Amino acid sequence: SSMAEASWGRGFAMISLSARAGHVLTSFVCGGLLGAGFGWSGSFAFSAGLAFIVACIAHFALPQGPRADGYQHVKSSESADGVDEGVELEDLRADPASDATTSRGKQGKALRPEKRSSTEESPGKKRAHPLDGKSLREALLHFACNPALYFMGITTMILVCLIDFNIYLPLYLVETYKLSDAQAAVWSAVFPLGGTCALLLGKDLYARYERRKVGHILSSLVGMCGVLITLSAFVSGKSLIVDCLALFGVGAAVALPYYLPTGVFALEAGGPAFCGTLSGLIDAVGYGASLLFIFFAPKVVKQQGSWLVLHYAYMAMLAVGVGTMWAFFRLSSQRQRSLPSSQARS
């Protein structure tokens, strides 16, 4: 990773912020289009056209990879120089006059300016990871033996299902408060708006606090989600303003526990080679639960004739989520304390 370890959480917060902010914007734009009489087909056509324009801008404006941004591969053939073997990325933009950028081998690869002794520390030196040089099969076996992964997976399943409530929020508002489609679309923006605010305010959480305190904060936020869902159930159908404030709080409380720990854990446990694999496994588990929730939740609500059954289900799941989040960070803190001080992550 090119980010300092203390900034991993900030990086994932800023990436996730785009998704939450985009959802807020979509709610207002969709509500405005419906209110102006464009209808659902007009709203879909507008969204498709806007997506096409953004895709074109991204294709022509964004770099196509590390090489396009001024990086080249550097292949290390010496294991005694204190640098991990394998393919790494060398920044060729830093000093064009340096030997690393001007010297070329026969294969066109950038050469290292000098050989370092095994005891000399390099500011940009990569820290060894247990999965460096391992195969995919060995990495999967390593993941399977990590108990923290199971707690992270259960927590992700619960939080993904909670975030999916945003899918049904306009319908919930229409049926509970008899709003029009346009009004419900605008009011439903409170959920992602809460997440946007939370990511802006909490993006430096991992950089400011030690791991155990981060665990306490995020576990408390999961518990707060349960409290606010209970409040929403209590005022459901009685007060639109209070209900939407409670849902705003749910969106704010769930954002940090959902978006930050998964990415940071994937980078730590998966290392440079398998962080994407681990992140994909966790996401697959979470979205598998989401698929089941999206399929069965409407049927249960229709059968019971009330949205309160969904509130009660969330209360039960979040009670479990507090425990799994706390257990995950407890295991993470124990592992961090067991590492040498030079390898302990912030």
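Leaving aside neighbours within four places in sequence, which residues is Pro 257 in contact with? I will come back to that after a short overview.

What you have in front of you is a predicted model. The average pLDDT of the protein is 77, and 71% of the residues score at least 70. Two stretches should be kept in mind here. Over residues 73-124 the pLDDT is below 50, and in the model this stretch has 76 contacts beyond near neighbours in sequence. Residues 339-346 also have a pLDDT below 50, with 14 contacts in the model beyond near neighbours in sequence.

Now the general layout. The protein has 12 helices and two strands. Starting at the N terminus, the order of elements is α-α-β-β-α-α-α-α-α-α-α-α-α-α. In other words, two helices are followed by the two strands, and the rest of the elements are helices.

Some totals for the protein. There are 346 residues, and 39% of them are buried. The accessible surface is about 18,800 Å², and carbon and sulfur atoms hold 64% of that surface. Taking the contacts with a separation of 6 or more, 72% are between residues 24 or more positions apart.

Next, a pair of helices. Two packed helices are described by the angle between their axes and the distance between the axes. The pair I have picked is H5, residues 147-163, and H11, residues 240-304. Their axes come within 2 Å and cross at roughly 145°. The crossing is left-handed. By class, the contact between H5 and H11 has 21 nonpolar residues, five polar ones and no charged ones.

That takes us back to Pro 257, which is in helix H11. Pro 257 counts as buried because its relative accessibility is 1%, and buried means under 20%. To answer the opening question, its contacts, leaving aside neighbours within four places in sequence, are Leu 159, Leu 218, Leu 221, Val 222 and Met 325. For one of these, Leu 218, there is also a distance: the C-alpha atoms of Pro 257 and Leu 218 are separated by 5.3 Å, while the two residues are 39 residues apart along the chain.

A second buried residue is Phe 191, in helix H8, residues 190-202. Its relative accessibility is 2%, so Phe 191 counts as buried. The C-alpha atoms of Phe 191 and Ala 255 are 10.0 Å from each other, and 64 residues separate the pair along the chain.

The third is Ser 232, which has its place in helix H10, residues 211-235. Is Ser 232 buried or exposed? Ser 232 counts as buried, because its relative accessibility is 0%. Leaving aside neighbours within four places in sequence, Ser 232 is in contact with Tyr 172, Asp 243, Ala 246, Leu 247 and His 311.

Last, a residue in a loop. Lys 178 lies between helix H6, residues 165-177, and helix H7, residues 181-187. Its phi is near 55°, which is a positive value in a residue other than glycine. Lys 178 has a relative accessible area of 68%, so it is exposed; the cut-off for that is over 50%.

That is the end of the tour.

Note on methods
Residues numbered from 1 in each chain as written. Predicted model: local features only at pLDDT ≥ 70, side-chain atom pairs only at ≥ 80, totals over all residues. Heavy atoms only, no water. Axes fitted to C-alpha atoms, helices over the stretch in contact; angles between N-to-C directions. Helix = DSSP H or I, 4+ residues; strand = E, 2+ residues; numbered from the N terminus. Left-handed = near helix turned anticlockwise from the far one by under 90°. Nonpolar A, V, L, I, M, F, W, Y, C, P; charged D, E, K, R; others polar. pLDDT = per-residue confidence, 0-100. Contact = heavy atoms within 4.5 Å. Buried < 20%, exposed > 50% of the residue type's maximum accessible area, 1.4 Å probe, protein only. Areas by Shrake-Rupley, 256 points an atom, 1.4 Å probe, with all protein chains shown as cover.
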